[in-house]
Amino acid sequence: MDTIVGRVPHVIVAAPCARLTAVRFVALLRGVNVGRHKRMRMAELRDALVAAGLDEVSTYLQSGNVLFSAETDDRSTLESSIEAAVGERFGFDVAVLVRSAEQMQEVVVSNPYAPQAASDPTRVHAMFLAASPSAEAWSRVDPASVAPDEFSVNDDVVYMHLPNGMGGAQLPDAIVQAELGVAATTRNWRTVTRLLEMLTVLASQH
């Protein structure tokens with residue numbers, strides 16, 4: 001893949017153990033429970049996804065992080081199924097990005113800002129993309145204009161080091177304004193690593 005440089009909460013498991021052939025995933029919902037928009041209770045979300053046929057469903061935080069097992073490895077099918085279940089239950093559309101446990105492991109080991117994340121994981125973020133944008137699209141994000149923010153693109157993940165924190169960062173807005181043309185959702189590094197830990201525990205139970 002080309003590279004372009006530029007108190008743990010209680011987790012409730014809501015479904016029985018899946019068969020040994022299941023694949024473990026995390027679904028990242030975009031823009032839920034932000035302010036007054038797209039509000040949903042995680043217990044209700046879990047119920048909706050169990051009803052949609054997913055196994056071992058659990059959630060982390062209130063920002064739309066769902067761990068589950070499925071007997072298919074087709075991410076596109078899973079994303080469509082979850083989006084449909086959310087729309088039916090809550091009455092609004094939400095973009096969903098699904099990553100397998102192996103893909104999350106790759107995201108973590110490939111972090112170019114690992115030293116910064118070790119120092120302060122709230123200053124490093126991963127932006128997950130539905131697809132890899134073109135080089136032309138990324139050319140619209142000028143690294144000099146967003147300094148001291150830094151970013152590195154690895155296929156469908158954007159690693160962001162934001163020394164002034166998300167609240168003082170220019171980079172996220174610059175990426176939005178670049179109109180990459182793909183759905184995206186961002187998690188800080190503490191959340192990314194915690195999700196991987198939870199996926200690892202889930203896999204070890206079988």
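Which hand, left or right, does the crossing of α1 and α2 have? In this predicted model, the crossing of these two helices turns out to be right-handed. The contact itself is built from Glu44, Leu45, Asp47, Ala48 and Leu49 on the α1 side, and from Ile82, Ala85, Val86, Arg89 and Phe90 on the α2 side. Sorted by type, the residues of this contact come out as seven nonpolar, three charged and no polar. As for the geometry, two packed helices are described by the angle between their axes and the distance between the axes. For α1 (residues 42–51) and α2 (residues 75–90), the axes come within 9 Å and cross at roughly 125°. The two helices are therefore oblique to each other.

One of the α2 residues in that contact, Val86, is worth a closer look. Val86 sits in helix α2 and is buried, with a relative accessible area of 0%. Setting aside residues up to four places away in sequence, Val86 touches Leu29, Met40, Leu45, Gly91, Phe92 and Val94. Leu45 also appears on the α1 side of the helix contact. Glu44, another α1 residue of the contact, is 42 residues from Val86 along the chain, and the C-alpha atoms of the two are separated by 9.7 Å.

A second helix pair brings together α3 (residues 101–109) and α7, with axes that come within 10 Å and cross at roughly 140°. What is the orientation of α3 and α7 to each other? An angle counts as roughly antiparallel only when it is over 145 degrees, and α3 and α7 are therefore oblique. This crossing is left-handed, whereas that of α1 and α2 is right-handed. On the α3 side the contact involves Ala101, Met104, Gln105, Val107 and Val108, and these meet Trp189, Val192, Thr193, Leu195, Leu196 and Leu199 of α7. The residues here split into nine nonpolar, two polar and no charged; the contact of α1 with α2, for its part, has three charged residues and no polar ones.

Helix α7 also holds Thr191. Is this threonine buried or exposed? Thr191 has a relative accessible area of 7%, so it is buried. Not counting residues up to four places away in sequence, the residues that Thr191 touches are Tyr60, Leu61 and Asn65.

Next come the aromatic rings, where the count is four aromatic pairs. In one of them, Trp138 and Phe151, the ring centres are 5.8 Å apart and the planes are at 25°, so the pair is stacked. The partners come from distant parts of the chain, 13 residues apart, with Trp138 in helix α5 (residues 135–138) and Phe151 in strand β7 (residues 150–154). Both Trp138 and Phe151 are buried. Another pair, Tyr159 with Trp189, is tilted, at 6.2 Å centre to centre and 50° between the planes. This pair, too, links distant parts of the chain: Tyr159 belongs to strand β8 (residues 157–161) and Trp189 to helix α7 (residues 189–204), 30 residues apart. Tyr159 and Trp189 are both buried. Trp189 thus turns up in two settings, here in an aromatic pair and earlier in the contact of α7 with α3.

Among the strands, β4 (residues 65–70) contains Ala70. With a relative accessibility of 7%, Ala70 counts as buried. Which residues is Ala70 in contact with, leaving aside its neighbours within four places in sequence? They are Ala22, Val23, Phe25 and Leu78. Val23 is 47 residues from Ala70 in sequence, yet the two are 5.4 Å apart in space, C-alpha to C-alpha.

A few backbone oddities round things off. Ala147 and Pro148 are joined by a cis peptide bond, with omega at about 10°, and Pro148 lies in the loop between α5 and β7. Lys38 has a positive phi of about 50° although it is not a glycine. This lysine belongs to the loop between β2 (23–29) and α1, and at 32% relative accessibility it counts as partly exposed. Glu179, likewise not a glycine, has a positive phi of about 50°. Glu179 is placed in the loop between α6 (171–177) and β9 (184–188), and its relative accessibility of 64% makes it count as exposed.

Notes
Residues numbered from 1 in each chain as written. Predicted model: local features only at pLDDT ≥ 70, side-chain atom pairs only at ≥ 80, totals over all residues. Heavy atoms only, no water. Axes fitted to C-alpha atoms, helices over the stretch in contact; angles between N-to-C directions. Helix = DSSP H or I, 4+ residues; strand = E, 2+ residues; numbered from the N terminus. Parallel < 35°, antiparallel > 145°, perpendicular 65-115°, else oblique. Left-handed = near helix turned anticlockwise from the far one by under 90°. Contact = heavy atoms within 4.5 Å. Nonpolar A, V, L, I, M, F, W, Y, C, P; charged D, E, K, R; others polar. Phe/Tyr/Trp six-rings, centres within 6.5 Å; stacked < 30°, edge-to-face > 60°. Buried < 20%, exposed > 50% of the residue type's maximum accessible area, 1.4 Å probe, protein only.
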